[in-house]
Amino acid sequence: MNTTTKTPAQLAEDARQTANDAIDTTRAYAQNAVNAAGEKVRDLRRDAEPAVEQLAARVQQAVQRGLDAASTTSARAQRRLEAAADVTGKYIADQPVRSVLVAAAAGAAITALIVLASRRRDDY
């Protein structure tokens with residue numbers, strides 16, 4: 001049986017070498033973990049890009065539809081306002097006396113409402 005007794009210096013050297021090996025192994029393991037995490041992040045980013053682009057396209061389409069609907073509604077309202085103005089102009093041209101009387105009555109009613117509102121405010 002070959003038994004060799006190691007000196008304290010040899011034991012210290014063995015311990016140092018074992019510690020260095022453990023440090024190197026830990027570094028390699030940590031580097032592998034970092035590399036794997038980086039790969040996962042790249043995979044997730046690559047997988048998410050089409051979904052983000054698709055969502056952006058949908059939002060853009062929805063905004064465009066909203067703008068188109070607002071434009072259509074605005075044009076429709078403009079046409080109705082023009083039609084009402086035409087009807088009003090025709091009514092005034094056809095019945096000028098009645099139009100003046102209606103306008104005077106509306107003005108009197110608005111004035112009466114303003115006077116009533118100001119009196120009530122003064123009473124409080």
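**Exercise 1. Characterise the salt bridge between Lys90 and Asp94 in this predicted model.**

Solution.
Step 1. The side chains of Lys90 and Asp94 meet in a salt bridge, with an N to O distance of 3.1 Å. The cut-off for such a pair is 4 Å between a side-chain nitrogen of Lys or Arg and a carboxyl oxygen of Asp or Glu.
Step 2. Both residues belong to helix H1 and are 4 residues apart, about one turn of the helix.
Step 3. Lys90 and Asp94 are both exposed.

**Exercise 2. Determine how Asp43 and Arg46 are placed in helix H1, and whether each counts as exposed or partly exposed.**

Solution.
Step 1. Asp43 forms a salt bridge with Arg46, and the closest N and O atoms are 2.8 Å apart.
Step 2. Helix H1 covers residues 8-94; because Asp43 and Arg46 are 3 residues apart within helix H1, about one helical turn separates them.
Step 3. The exposed class requires over 50% relative accessible area, and the buried class under 20%. Asp43, at 25% relative accessibility, is therefore partly exposed. Arg46, at 53%, counts as exposed.

**Exercise 3. Describe the contact of Lys6 with Asp14 and the accessibility of each residue.**

Solution.
Step 1. A salt bridge joins the side chains of Lys6 and Asp14, at 2.6 Å from N to O.
Step 2. Lys6 has a relative accessible area of 43% and is partly exposed. Asp14 has a relative accessibility of 32%, so Asp14 also counts as partly exposed.
Step 3. In general, side chains of opposite charge can pair when their charged atoms come close. The structure holds 6 salt bridges, among them the pair Lys6 and Asp14.

**Exercise 4. Identify the residues of the nonpolar surface patch and locate Val59 and Leu67.**

Solution.
Step 1. The patch is formed by Leu55, Val59, Val63 and Leu67, which together have about 380 Å² of accessible area.
Step 2. Val59 lies in helix H1, and Leu67 lies in helix H1.
Step 3. Membership of a patch requires over 30% relative accessible area. Val59 has 47% relative accessibility and counts as partly exposed, whereas Leu67 has 53% and counts as exposed.
Step 4. Val59 can also be related to Leu11: the two are 48 residues apart in sequence, and their C-alpha atoms are 70 Å apart in space.

**Exercise 5. Assess the overall form of the protein chain from its radius of gyration, box and burial.**

Solution.
Step 1. The protein chain has 2 helices and 0 strands.
Step 2. The radius of gyration of the protein chain is 44 Å, whereas a compact globule of 124 residues would have a value near 14 Å.
Step 3. Along the principal axes, the C-alpha atoms fill a box of roughly 135 × 45 × 15 Å.
Step 4. Of the 124 residues, 2% are buried. The protein chain exposes about 11100 Å², and carbon and sulfur atoms supply 61% of this area.

**Exercise 6. State how far apart the mean positions of the positive and negative charges lie.**

Solution.
Step 1. The protein chain carries 17 positive and 15 negative charges.
Step 2. The mean positions of these two sets are 10 Å apart.

Terms used
Residues are numbered from 1 along each chain as its sequence is written. This is a predicted model: local features need pLDDT of at least 70, side-chain atom pairs count only at pLDDT 80 or more; totals for chains, interfaces and linings use all residues. Side-chain values use heavy atoms; hydrogens and water are left out. The radius of gyration is taken over C-alpha atoms; the globule rule is 2.2 Å times the number of residues to the power 0.38. Buried means under 20% relative accessible area, exposed over 50%, partly exposed in between (1.4 Å probe, protein chains only). Accessible areas come from the Shrake-Rupley method with a 1.4 Å probe; for residues, only the protein chains shown count as cover. Lys and Arg count as positive and Asp and Glu as negative; His and the chain ends are not counted. The place of a charge is taken as NZ of Lys, CZ of Arg, CG of Asp or CD of Glu. Patches are made of residues with over 30% relative accessible area and no salt bridge: like charges are joined within 9 Å, nonpolar side chains (Val, Leu, Ile, Met, Phe, Trp, Tyr) within 5 Å.
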